[in-house]
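Dear colleague,

Please find below the structure that I am handing over to you. A short account of the findings comes after it.

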Amino acid sequence: MRADRVFAYGAAAGLIGDLLLGDPRRGHPVAAFGRAAGAVERVLWRDHRGWGALHTVVCAGGAVGLAAVAARSVRTSRTASVALTAAATWAVVGGTSLGREARAIGQALDAGDVEGARERLPHLCGRDPGALDADGIARAVVESVAENTSDAVVGALVWGAVGGVPGLVGFRAVNTLDAMVGHRSPRYLRYGWASARLDDVMGWPGARLTAVLAALAGHDPRGAVRAWRADAARHPSPNAGPVEASFAGALGVRLGGTLSYGGRVEHRPVLNGGGRAVDSKDIERAVRLSRRVGWLALGVAAAGRLWKRGGTS
């Protein structure tokens, strides 16, 4: 079986596995990677960019190396190659768990349980929930669904199309490192610099594809493109900006504005300023859009893998 078909069948099986099973409550491979990366950090940490870069190389490089060894060990068996690709896809994507968490918060808001929604919000994003009202929580959820559609689904499929199982694993490893050390706290401002910059680079193609697919799959393609062109560049994140702006336009809602992370208040630009304010009903709409984008991304990634093989044969 050709490599492009191995990827297509394996990635489709992995996405179906994620749809049926979601993330395991115990023993998740990404959690195991996080624990290993934390152990490496305890050994290497210095308030220095060079040591942080070494941390990134050791952790991400080690994950890619193990994935490459695994892929090479099964390359003579079509069934094993598809199974490994499926397992890797299931391990690195998180669309179903993303949707579950978002819907649980939406259900709490619909029931008038704002306090319950606040308690669940940290499972989805790093916002400070205490100061958020119901609409603020809903906006945070929609923004997180948009951004994580790129980070937890589309970006992984893009790099899987480029590099097979090592590409899938490498993208998720870098994304996990960014979540662990890539933020601008005093401890990680220098140490996490390399992980944050590498995540920006690896996330670039997936974010643009997510924005395009959100426009195609949403209810207002023109609004999505208009919001992307007008507002994305003003967002502080080069990758979250296009994704959140496109989702905002596709859903007809207004995202961005004032938010709080770890006690630090940020005033972000408004995305799709002509849209209406987000409410709890938009959470379900965002989750459905996210799912459509994920399946479209699988088709694009599989087609890209086929084109890559045709262009090099």
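The notes below cover aromatic contacts first and a surface patch afterwards.

Please bear in mind that this is a predicted model.

The structure contains 1 aromatic pair. Its members are W45 and Y191, whose rings are tilted, with 40 degrees between the planes and 6.3 Å from centre to centre. The two residues are 146 residues apart, and the pair thereby links distant parts of the chain. W45 belongs to the loop between α2 (29-44) and α3 (49-73), while Y191 belongs to the loop between α7 (134-181) and α8 (193-217).

As to exposure, Y191 is buried, since its relative accessible area is 0%, under the 20% limit for that class. W45 is partly exposed, at a relative accessible area of 26%.

Two arginines are placed over tryptophan rings. R187 lies over the face of W45, 4.5 Å from the ring centre, so W45 takes part both in this contact and in the aromatic pair with Y191. The charged end of R46 sits over the ring of W51, at 4.6 Å from its centre.

Turning to the surface, a nonpolar patch is formed by I16, L19, L20, L21 and W295, which together have about 500 Å² of accessible area. Helix α1 (residues 3-21) gives the most to this patch, with 4 residues. L20, one of the patch residues, is located in helix α1. L20 is exposed because its relative accessible area of 64% is over the 50% limit for that class.

With kind regards

How values were computed
Residues are numbered from 1 along each chain as its sequence is written. This is a predicted model: local features need pLDDT of at least 70, side-chain atom pairs count only at pLDDT 80 or more; totals for chains, interfaces and linings use all residues. Side-chain values use heavy atoms; hydrogens and water are left out. Rings of Phe, Tyr and Trp (its six-membered ring) pair if their centres lie within 6.5 Å; planes under 30 degrees apart count as stacked, over 60 as edge-to-face and the rest as tilted. Buried means under 20% relative accessible area, exposed over 50%, partly exposed in between (1.4 Å probe, protein chains only). A charge sits over a ring if NZ of Lys or CZ of Arg is within 6 Å of the ring centre and within 35 degrees of the ring normal. Patches are made of residues with over 30% relative accessible area and no salt bridge: like charges are joined within 9 Å, nonpolar side chains (Val, Leu, Ile, Met, Phe, Trp, Tyr) within 5 Å. Accessible areas come from the Shrake-Rupley method with a 1.4 Å probe; for residues, only the protein chains shown count as cover. A salt bridge is a side-chain nitrogen of Lys or Arg within 4 Å of a carboxyl oxygen of Asp or Glu.
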